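Visitor: I'd like a close look at one part of this model, please, and then whatever you can tell me about the rest. Let's start with the rings.

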Amino acid sequence: MTDFRDELDQSRWYRDGRGPRYKQLRRHISGLVAAGSLAADDQLPSERDMADIAQVSRVTVRKSIAELVSDGLVEQRQGAGSFVRSGAERFEQSLSSLVSFTENLQARGIVSTSEVLLNGVFRPTPTEAMVLGLSAHHQVARVHRLRRGDGVPMALEHSSLPEDVLPRPDKIQTSLYELLRARGKAPTRAMQRVTAVNAPGPVASHLDLADGTAVLRIERTAYLASGRPIEYTSGFYRSDVYDFVSELRLD
């Protein structure tokens, strides 16, 4: 527990302007779990000890722990204390089927929600123009969303589509693919790349992780049956709760 006590030092996790202390402490502990610095069944110090080491009030610690319990990362055992939860549920996304985030979670009985951080129609960036086959006079619809499963931040997705495919990006509520199907513009195949990266500060903050926590970065280009590219999405997924899986077969 010595290493974790060192991590509780306020200089390790608190930054002015990054929100309430209990939120920052909760985000820091969540990041330590994601990074493996805190393993399943590790016991956290007592509420009083955590408050003393972190130089915060016991109310701050209590609120942080309550949110970690709500997130499913920590459990409180009667008469024993708080422990990192073992066997925490992980969510799987197949790499071999074109299923939306919303549909994937709904199939598992998980409530999917989206917070729209940006939507609108813009001039394409060079990358968007190249990937989507657009010229300088075209425009793209952009939608940036924070995706949650049962209230837990899981992914940050930035999607770009040609304006004629998605003229009203403000109409997206939860599922982009559901809206595209209603317009007869749903993709039939996609190319997707998954890499491991360290989350930059803004990404980590949205996903309730410590700066630099390892996450999965995805880049996906989706196509109509005609071969036209109609979606370019880049995003970050929490590696502590999300797995990408693929099925391999002998040709």
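How many aromatic pairs does a search of the whole structure find?

Guide: Just one aromatic pair turns up in the whole structure (centres of Phe, Tyr or Trp rings within 6.5 Å, using the six-membered ring of Trp; planes under 30 degrees apart are stacked, over 60 edge-to-face, the rest tilted). The ring centres of tryptophan 13 and tyrosine 14 lie 6.1 Å apart with the planes at 80°, so this pair is edge-to-face. Both partners are buried (under 20% relative accessible area with a 1.4 Å probe and protein chains only; over 50% is exposed, in between is partly exposed): tryptophan 13 has 6% and tyrosine 14 has 18%.

A word on ground rules: the model is predicted, so local features need pLDDT of at least 70 and side-chain atom pairs 80 or more, while totals for chains, interfaces and linings use all residues. Numbering runs from 1 along each chain as its sequence is written, and side-chain values use heavy atoms, without hydrogens or water.

Next comes helix H3, residues 21-35 (helices are DSSP runs of H or I, at least four residues; strands are E runs of at least two; both are numbered from the N terminus). Its 15 residues should span 21 Å at 1.5 Å a residue, and the end C-alpha atoms are indeed 21 Å apart (the expected span is 1.5 Å times one less than the residue count). Since 12 of those 15 residues are buried, H3 is largely enclosed by the rest of the structure; among the buried ones are Tyr22, Leu25, Arg26, Ile29 and Val33. After H3 comes glycine 36, with a positive phi near 85°.

Then there's an open sheet of six strands, ordered S4-S5-S6-S9-S8-S7 and paired antiparallel (pairing takes at least two DSSP bridges). S4 (112-122) and S7 (189-198) are the edge strands, each pairing on one side only. Inside the sheet, S5 (residues 140-149) and S6 (residues 152-162) run antiparallel over 10 bridges, and leucine 146 has leucine 156 in S6 as its bridge partner.

One last stop is glutamate 128, which sits in helix H7 (residues 126-132). Glutamate 128 is buried at 5% relative accessible area. Its side chain reaches the backbone nitrogen of threonine 125 at 2.8 Å. Leaving out residues up to four places away in sequence, glutamate 128 touches Arg123, Gly133, Leu134, Val140, Arg142 and Ser160 (contact means heavy atoms within 4.5 Å).

How values were computed
Polar contact = N/O pair within 3.5 Å; in protein donor to acceptor, adjacent residues only side chain to side chain.
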